Amino acid sequence: MAGLDPEDWEELKAQGHQMLDEMLENIRHVSQGPVWQPMPASVRDAFKTAPLPDAGQELGDLYQQFTTMVQPYAVGNRHPRFMGWVHGGGTAQGMLADMLAAGLNANLGGRDHAPVEVERMVVRWAAEMFGFPPDATGVLVTGSSMANFIAILTATRNVVDGQDMRLHGIGGRRLVGYAGESAHGCVARAFDMAGLGEHALRRVPLNAACQMDTVALEQLIAQDRADGFEPFLVVGTAGTVDTGSIDPLNALADLAGREGLWFHVDGAFGALARLAPDLAPLLAGLERADSLAFDFHKWAQVPYDAGCVLVREPGRQAAAFAQSLAYLSREDRGLAAGAPWFCDLGPDLSRGFRALKVWFALAGFGTDRLGQVVTQSCALARGLAGQVQTSVHLQLLAPVTLNVVCFRVVTPEVEDLDWLNGELVKDLQVSGIVAPSTTRIGGVLAIRVALVNHRTTETDVTILLDTLHSFMEVRLAQVRMMKLVEEQMQA
Ligand SMILES: *Cc1c(COP(=O)(O)O)cnc(C)c1O
């Protein structure tokens, strides 16, 4: 027996149908289980000590291990009351698309086959979604971290000759770029990975609306030029990860034009708001960017992972990434036809068929319906912010632009409010009822609620506030009890 195909296909099919049915049921009823539960030490230890298997196991046994050891202890982002960080909820339809893609086992680095045309189609659709020209180039990647990195490397080629940079790096050039103080950490990391160094990313102060302050930006650019640096890039964020704020994109596009800088937008989740007619005006100027990074796996609910980078001007991306190696040479016909290939537009050569699940999401739901999900998330966020503002126990810590609400519990009974709010978030997460996360706003710890999941409803927001209130009462009862004990000990 040489190959790895099953001996008994009928048995495998039965097994597969069972897995499929059970996982679909699991998704269907996801809201009835806990959002998250800690993994028992025994489960963790089983993974930590499992030896490399030399002999094979039955698929049924492996599936059994999956359902008992993995499935119950996932992060919980499918659940409507997962409100931490920025995670998409995924869809059953997306799961099926991913299954088909795995069945085909296509490699989308290049060559002439239909999966590549599917990716070209979804990249063209993405360009249209964001107001980019139809001949804009782009590629699907793991996520916005990689998309931002590709865009930033492409931007360096705006000032350093592509071939020169490929052979000699940036040499002695003192390139600097700019992003708001609340830009995602992956932007600084992209500077690091590009060999520019994180210090070459200047962090621009924010205004009262948590947006990049364009006056401060101009001053920084002038200062850098005076000091002999070479400004090459400004990164605007459409939907910052801490508050959901949107940098003044039109002003940034104007400024980048005046200063001769590449204008990149990190729109990881926020860019999708362009599909929502009520919110699209907030993103005015996005369509003027030289490049855009965004995720399909966040607000567009495509299963992980699916990010995308778009570059306005054809040829720019390939100038940064295409290598002409003889063994990968393109032909006019046959399997090696159809340049440029996706491997010419980013660092990956072998690449999976992410495009299929993106196609199924865009075509299966339509951009109208995806826009409605965005509208709904933002309406829920505004509703939550309204309730926070009318509660005496709660304080809103940042304006709500999109779907992120930052607030905290305030009480005169506790001195260290950072401690209280931090503990409350942990209480909520461990309860399995609802899972927000934290951030820091203006130096204080905030409870951060990001509404991204298409399954989240008003009831879930009510449950969040009710549960938070209950845990606050428990914490305050503990604080009062401790004070009583202390008073008695002193008496
Ligand atoms: C999520 C996010 C990123 C990183 O995207 P990944 O898909 O996790 O790599 C970058 N920027 C912003 C604003 C984000 O919200």
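In this predicted model, 23 residues of domain 2 are in contact with 22 residues of domain 3. The domain assignment places domain 2 at 106-353 and domain 3 at 369-490. Domain 1 covers 9-87. The C-alpha centres of domains 2 and 3 are separated by 34 Å.

Together, domain 2 and domain 3 bury about 1,700 Å² between them. Carbon and sulfur atoms account for 67% of this area. On the domain 2 side, the most area is lost to domain 3 by Thr243, Trp299 and Gln301. These three residues together make up 35% of what that side buries. The side of domain 2 that touches domain 3 comprises 14 nonpolar, six polar and three charged residues. Zero salt bridges are found across the interface of domain 2 and domain 3. Five residue pairs are in polar contact there, with both residues at pLDDT 80 or more.

The ligand is surrounded by 13 residues. Ser145, Asp266, Asp295, His297 and Lys298 come nearest. By class, the shell holds four nonpolar, six polar and three charged residues.

Polar side-chain atoms approach the ligand at several points. For Ser145, such an atom lies 2.6 Å from a ligand oxygen atom. For Asp266, the partner is a nitrogen atom of the ligand, at 2.6 Å. In His297, an N or O atom of the side chain is 2.9 Å from an oxygen atom of the ligand. Taken alone, the ligand exposes 380 Å². The protein buries 85% of that area.

Methods: Residues numbered from 1 in each chain as written. Predicted model: local features only at pLDDT ≥ 70, side-chain atom pairs only at ≥ 80, totals over all residues. Heavy atoms only, no water. Near = heavy atom within 4 Å. Polar contact = N/O pair within 3.5 Å; in protein donor to acceptor, adjacent residues only side chain to side chain. Areas by Shrake-Rupley, 256 points an atom, 1.4 Å probe, with all protein chains shown as cover. Nonpolar A, V, L, I, M, F, W, Y, C, P; charged D, E, K, R; others polar. Domains from an automatic or database assignment. Contact = heavy atoms within 4.5 Å. Buried area = accessible area lost by both parts, 1.4 Å probe. Salt bridge = Lys/Arg side-chain N within 4 Å of Asp/Glu carboxyl O.
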